[in-house]
Amino acid sequence: MVALTDPDLLFPSEAHSRSLARNLYAGIKALPIVSPHGHTDPRWYAQNEPFPDPAQLLIVPDHYIFRMLFSQGVRLEDLGVPTLDGAPVESDGRMIWRRFAEHYYLFRGTPTRLWLDHVLAHLFGIEEPLNAETADRHYDTIATLLQWENFRPRALFERFNIEVIATTEGALDDLKWHKMIRESGWEGRVVTTYRPDAVVDPDFEGFSTNLDRLGEITGCDTGNWAGYLDAHRQRRAFFKSFGATATDHGHPTAETANLSDAAAQELFNRIRHGSEDERERKLFRAQMLTEMAKMSRDDGLVLQIHPGSWRNHSPGIFQKFGRDKGFDIPTRTDYVTALKPLLDCVGLERDLSIIVFTLDESSYARELAPLAGVYPALRLGPAWWFHDSPEGMRRFREMTTETAGFYNTVGFNDDTRAFPSIPARHDIARRVDCAFLARLVCEHRLREDEAHELAKDLAYTLAKKAYRL
Amino acid sequence: MVALTDPDLLFPSEAHSRSLARNLYAGIKALPIVSPHGHTDPRWYAQNEPFPDPAQLLIVPDHYIFRMLFSQGVRLEDLGVPTLDGAPVESDGRMIWRRFAEHYYLFRGTPTRLWLDHVLAHLFGIEEPLNAETADRHYDTIATLLQWENFRPRALFERFNIEVIATTEGALDDLKWHKMIRESGWEGRVVTTYRPDAVVDPDFEGFSTNLDRLGEITGCDTGNWAGYLDAHRQRRAFFKSFGATATDHGHPTAETANLSDAAAQELFNRIRHGSEDERERKLFRAQMLTEMAKMSRDDGLVLQIHPGSWRNHSPGIFQKFGRDKGFDIPTRTDYVTALKPLLDCVGLERDLSIIVFTLDESSYARELAPLAGVYPALRLGPAWWFHDSPEGMRRFREMTTETAGFYNTVGFNDDTRAFPSIPARHDIARRVDCAFLARLVCEHRLREDEAHELAKDLAYTLAKKAYRL
Amino acid sequence: MVALTDPDLLFPSEAHSRSLARNLYAGIKALPIVSPHGHTDPRWYAQNEPFPDPAQLLIVPDHYIFRMLFSQGVRLEDLGVPTLDGAPVESDGRMIWRRFAEHYYLFRGTPTRLWLDHVLAHLFGIEEPLNAETADRHYDTIATLLQWENFRPRALFERFNIEVIATTEGALDDLKWHKMIRESGWEGRVVTTYRPDAVVDPDFEGFSTNLDRLGEITGCDTGNWAGYLDAHRQRRAFFKSFGATATDHGHPTAETANLSDAAAQELFNRIRHGSEDERERKLFRAQMLTEMAKMSRDDGLVLQIHPGSWRNHSPGIFQKFGRDKGFDIPTRTDYVTALKPLLDCVGLERDLSIIVFTLDESSYARELAPLAGVYPALRLGPAWWFHDSPEGMRRFREMTTETAGFYNTVGFNDDTRAFPSIPARHDIARRVDCAFLARLVCEHRLREDEAHELAKDLAYTLAKKAYRL
């Protein structure tokens with residue numbers, strides 16, 4: 001019994017389809033990784049220091065992992081998740097690793113299991129399944145390897161065959177790590193992404209101070225609407241100078257607005273003076289998506305919208321541990337009504353690229369594929385977050401392709417902060433797509449030569465093109 | 001490499017299921033086509049003139065096609081789509097055809113691709129894939145054939161083995177083409193369908209004038225509620241005299257109402273005097289569905305409800321090009337609450353037949369199958385529009401059969417204005433159903449003899465019975 | 001041609017997956033049945049009298065069956081469904097059975113067909129398909145067998161290898177049949193479940209009288225909030241003394257509330273005096289779910305929430321035939337907002353178990369799996385009601401496993417009042433799970449040894465554990 005790293009992983013069991021899937025995959029498995037959207041830390045590439053212990057690298061920062069353990073009664077403290085008030089939590093990496101290993105069976109049937117088995121086998125050479133008995137042995141292996149020179153970030157980046165990776169930074173970030181990467185002379189291509197939530201969302205912690213700071217950094221007067229917009233323009237240009245080709249926006253809904261300039265100005269004034277109400281905060285976020293789209297039309301940055309997550313659903317957890325603790329829950333999300341103001345404004349632009357994501361799969365066939373299948377400015381982001389999984393990716397293809405085709409989609413995003421899992425994630429996406437294409441060929445819905453071309457497009461070409469990388 | 005017309009198209013690749021699917025299909029592939037709902041032009045059958053050039057026949061009127069090309073940056077003008085103000089558009093069929101051929105790869109994985117390859121191969125004998133290089137050659141072949149006597153509408157009707165086809169006409173239509181067909185002595189069975197949206201929906205262009213016209217045509221006083229209803233009754237009878245067995249209603253939602261006669265009368269008066277508000281326009285549409293259902297109870301016409309499309313989503317396109325330009329987007333649609341007033345009124349009738357469609361697949365298993373699985377007056381229309389596709393039809397069966405069975409569904413609708421594609425569409429529906437039945441047999445959920453009987457019912461019998469044809 | 005009882009029923013047709021599914025199933029098919037939630041009548045086990053005639057046993061009480069026949073024009077009266085006013089209905093079991101047999105083809109592709117063929121074959125030894133011609137013969141066979149000693153309830157209970165079964169009783173029930181079972185010395189384990197809808201839902205028939213009665217039974221003053229809660233506590237303890245390990249709550253929505261004690265008390269007073277409005281009735285139901293959860297935290301009873309059914313959708317049927325006549329229709333159901341007050345209150349408890357069900361499959365991947373995959377108090381009930389079917393159960397696994405894993409689910413519920421069908425229902429669930437696991441193994445997403453362990457967990461262990469049986 002070995003880890004789940006069979007060469008036929010995720011391929012159909014019927015012989016003919018399997019053979020086709022293998023062929024398609026053989027043609028693309030060695031393609032470089034294009035990672036146009038993710039959350040790895042640019043500091044790693046800048047400083048190129050060894051990664052910390054196995055638990056700090058693989059368990060503690062991974063909300064997929066600790067949310068599942070927490071759902072089955074393991075305390076976050078016992079997994080080393082830091083508390084906001086500094087109350088002590090488990091700091092012994094080995095203990096955390098053991099707890100994880102004991103509960104690894106919980107992940108059966110989940111993508112986390114596939115990613116981790118892939119990482120253990122392909123990165124650390126560990127084929128023996130992880131469980132309570134093997135925990136210590138595997139911990140030692142990984143800990144040792146992480147000290148090696150060829151397990152440092154840049155070495156892994158190269159070994160992973162990453163052609164380009166995008167990180168995501170807030171609007172106020174000084175991009176110093178990106179500067180350091182650039183100045184280091186290292187040739188790995190790491191670009192940033194402009195993520196202005198903290199200066200766009202009035203509900204964001206410290207919003208008002210953030211706007212002051214935005215004014216200071218840019219020299220623009222963020223006390224008025226025109227100056228505030230100019231500040232965005234400046235920051236976007238600054239981010240572009242560090243390779244950014246995209247912006248990213250995480251909003252509770254996909255709502256957009258297209259106010260007159262006067263109305264937008266008045267709304268901004270109320271927001272800026274803190275005299276707005278909940279409805280106006282919503283409206284401001286909605287308006288800002290359209291403003292960002294208009295700026296994208298001008299400066300060519302691709303606009304990404306990641307809507308529909310109810311962040312920090314449990315106040316108990318939020319108060320004790322803060323953000324990003326696995327308590328972000330998808331909600332039903334409307335696109336047809338919500339995106340209309342933005343689409344009325346810029347949806348027919350042929351040189352603008354807006355990539356929309358969803359956590360609500362019911363919108364794939366009903367809303368997103370029909371919208372992306374007609375508006376030139378719109379593209380569909382890949383299956384996202386909870387749906388970044390074999391079944392989720394399969395449903396994405398089955399529910400979007402017939403209306404939007406393949407060419408209104410944008411390839412794969414790993415969207416991860418778990419650097420070691422990047423090859424696993426891309427590999428799984430490639431396999432799922434090859435399996436899907438193999439089915440189309442077997443059912444004579446696609447010719448084999450077309451499937452080969454598509455396999456490459458889905459694995460590589462579309463991401464480069466859609467993200468202008 | 002040839003077109004996608006393998007004899008095993010859409011059948012599963014596993015040998016036993018494939019063999020079963022083949023057997024089932026062999027038993028039904030030659031059955032006549034019953035097309036109980038569609039949008040072909042009765043003028044074609046009446047005048048029996050040659051079809052226009054390949055582009056005008058196959059590209060320009062097909063919103064599936066031009067929406068996809070538009071989504072990838074091709075201008076509608078360059079595809080020959082006429083502008084409202086008469087601004088010039090491409091008129092050279094060959095140029096339009098070339099543009100289409102260059103972009104034909106965009107349709108990989110879509111039903112349009114399957115339909116078109118089917119048409120090219122089976123109707124025009126073209127096996128060589130369509131692309132930029134073959135475009136001219138194929139254009140010439142098609143253009144030549146379209147001039148032949150045996151490619152005229154009636155000849156194709158007969159070659160297609162169409163037993164009966166329904167067209168759809170507005171309430172004010174004089175049905176002159178239907179009259180001409182009848183008087184021509186030609187034996188092809190072409191019936192009309194009563195589609196009164198223009199005199200039922202206060203938001204329809206020219207609604208008030210339409211009602212005046214309805215009064216003139218019928219001699220009823222459409223200035224009052226009773227006269228207005230009588231006018232409908234007269235027109236329904238007139239349509240019946242031209243073979244209509246059904247009415248059809250395209251509403252933004254499935255909302256119905258069941259007002260008292262006094263309230264309905266008052267509502268009509270407000271609508272008729274243009275003093276109503278948005279809420280009342282909605283209520284009027286809702287009430288009219290119930291009125292139509294009551295008339296159907298009396299005159300036996302089958303009632304079809306096609307709700308949930310947000311028509312003309314882009315005002316820019318609507319202003320420039322008008323209706324039906326690929327910008328109709330599905331919306332989330334409720335049936336359980338919306339249909340209740342109508343069902344409370346006539347849902348238990350055993351001789352009434354109401355066929356409901358949806359663009360919101362999330363309603364299949366949750367709402368529509370449970371409703372149709374108990375209300376005698378209710379039947380489920382087939383997978384519609386964006387869902388009229390292999391994956392869409394498969395999901396329809398998987399999500400409705402276990403609760404509604406097969407016998408609360410009504411067979412296939414091609415619902416198309418693309419006459420040459422009718423055999424392709426029916427063929428694909430038959431293949432998908434045979435593949436689904438084969439799976440049930442292989443999993444021992446259905447006996448083979450039953451599957452044969454069902455294959456015939458789904459391909460032929462149910463449509464005739466449900467539509468009373 | 002025989003009934004649908006092939007040994008490979010519901011297994012995939014591809015040889016390798018089929019062989020794996022067979023192996024997995026072989027390891028669990030003989031496991032005892034654990035039935036933690038259902039609606040069989042405890043009187044059967046108490047009195048152990050012969051079951052009535054075949055129609056009264058298998059047709060008349062089964063809403064899956066009569067709803068389908070009704071949808072195709074068969075009158076409920078002709079199926080022996082009793083009227084509220086005592087108007088005569090068909091009383092001849094043979095006639096009812098014949099009508100059913102004539103229409104048995106309607107159930108092709110439905111779970112009812114699978115269950116009934118299973119019952120006919122495995123329980124009554126009938127392999128010949130049921131139809132108009134065989135109806136009488138099969139009726140006689142069944143009628144005869146039902147008179148035999150070894151077809152009485154207790155004998156079947158034992159033959160079915162039921163380890164434990166839970167019935168469901170209202171809060172005011174005296175549990176006399178459970179008492180009688182206990183006193184009889186029979187060793188079959190039959191436990192009750194606390195279902196307090198009639199004293200929790202102000203819209204329930206006789207709500208006020210029910211509360212008076214609750215006061216009488218418990219000696220608590222149900223005229224005030226504290227006394228009312230105490231009465232619940234007493235009844236819960238009483239139910240526990242008859243083996244109850246769970247409560248069950250059927251609400252129109254999943255809405256919960258967490259009012260201050262003062263606000264709850266005031267709300268109760270208004271409700272108790274009948275001076276509340278619709279909004280307050282809703283709020284009271286919402287509050288009571290949270291109260292029940294708090295009591296569960298104290299007394300350890302598992303809380304089940306079955307929301308989202310629009311009961312008695314047709315007033316015509318409700319007035320003539322009453323409740324549970326097949327007119328309960330699923331509605332779109334929100335969980336993320338609705339459950340938040342309850343989860344804020346008790347969702348992080350590790351010793352509390354709340355099992356949530358849904359009739360809205362769109363919530364599986366979007367809401368329920370993400371919630372159950374992080375809140376320790378939350379578990380997912382199996383595919384319910386209309387979704388308790390092969391396709392429904394498959395979709396449940398495909399849409400919940402990747403986010404919630406297998407271990408946040410609770411095994412199978414038969415949820416039935418159709419006692420003879422219990423082995424069929426569990427058998428089908430086991431087969432579907434084995435087929436799903438086989439697919440995971442074939443795609444190398446799970447090791448075979450793990451699949452064997454999971455097959456047992458899903459068929460047996462999880463139900464015992466989750467329901468504390």
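This note covers how the chains of the predicted model are related, how chain B meets chain C, and how chain A divides into domains.

1. Conventions. Residues are numbered from 1 along each chain as its sequence is written, and chains are lettered from A in the order in which they are written. The model is predicted, with local features needing pLDDT of at least 70, side-chain atom pairs counting only at pLDDT 80 or more, and totals for chains, interfaces and linings using all residues; side-chain values use heavy atoms, with hydrogens and water left out.

2. Symmetry. A turn of 120° and a shift of 0.0 Å along the axis lay chain B on chain A with an RMSD of 0.0 Å (least squares on the C-alpha atoms of residues with pLDDT of at least 70 in both). The two copies are thus related as by a three-fold rotation axis. Only 6% of the interface residues of chain B are also interface residues in chain A, so the copies meet through different surfaces.

3. Extent of the B–C interface. Chain B gives 46 residues and chain C gives 51 residues to the contact (heavy atoms within 4.5 Å). About 4,100 Å² is buried between the two chains, 56% of it from carbon and sulfur atoms (accessible area, 1.4 Å probe, lost on being put together and summed over both parts). On the side of chain B, the residues that lose the most area to chain C are B:R366, B:E402 and B:H444, together 18% of what that side buries.

4. Polar terms at B–C. The rule finds seven salt bridges across this interface (a side-chain nitrogen of Lys or Arg within 4 Å of a carboxyl oxygen of Asp or Glu). C:R113 and B:E450 form a salt bridge, with the closest N and O atoms 2.9 Å apart. By class, the side of chain B that touches chain C has 18 nonpolar, ten polar and 18 charged residues (Gly counts as polar).

5. Domains of chain A. Domain 1 covers 15-49 + 152-466 and domain 2 covers 50-151, with bounds from an automatic or database domain assignment. Their C-alpha centres lie 27 Å apart. In contact are 34 residues of domain 1 and 26 residues of domain 2.

6. Domain interface. The two domains of chain A bury about 2,700 Å² between them, with 67% from carbon and sulfur atoms. A:R152, A:F321 and A:P420 lose the most area on the domain 1 side, together 23% of what that side buries. The count of salt bridges between the domains is two. A:E77 and A:K320 meet in a salt bridge at 2.7 Å, N to O.
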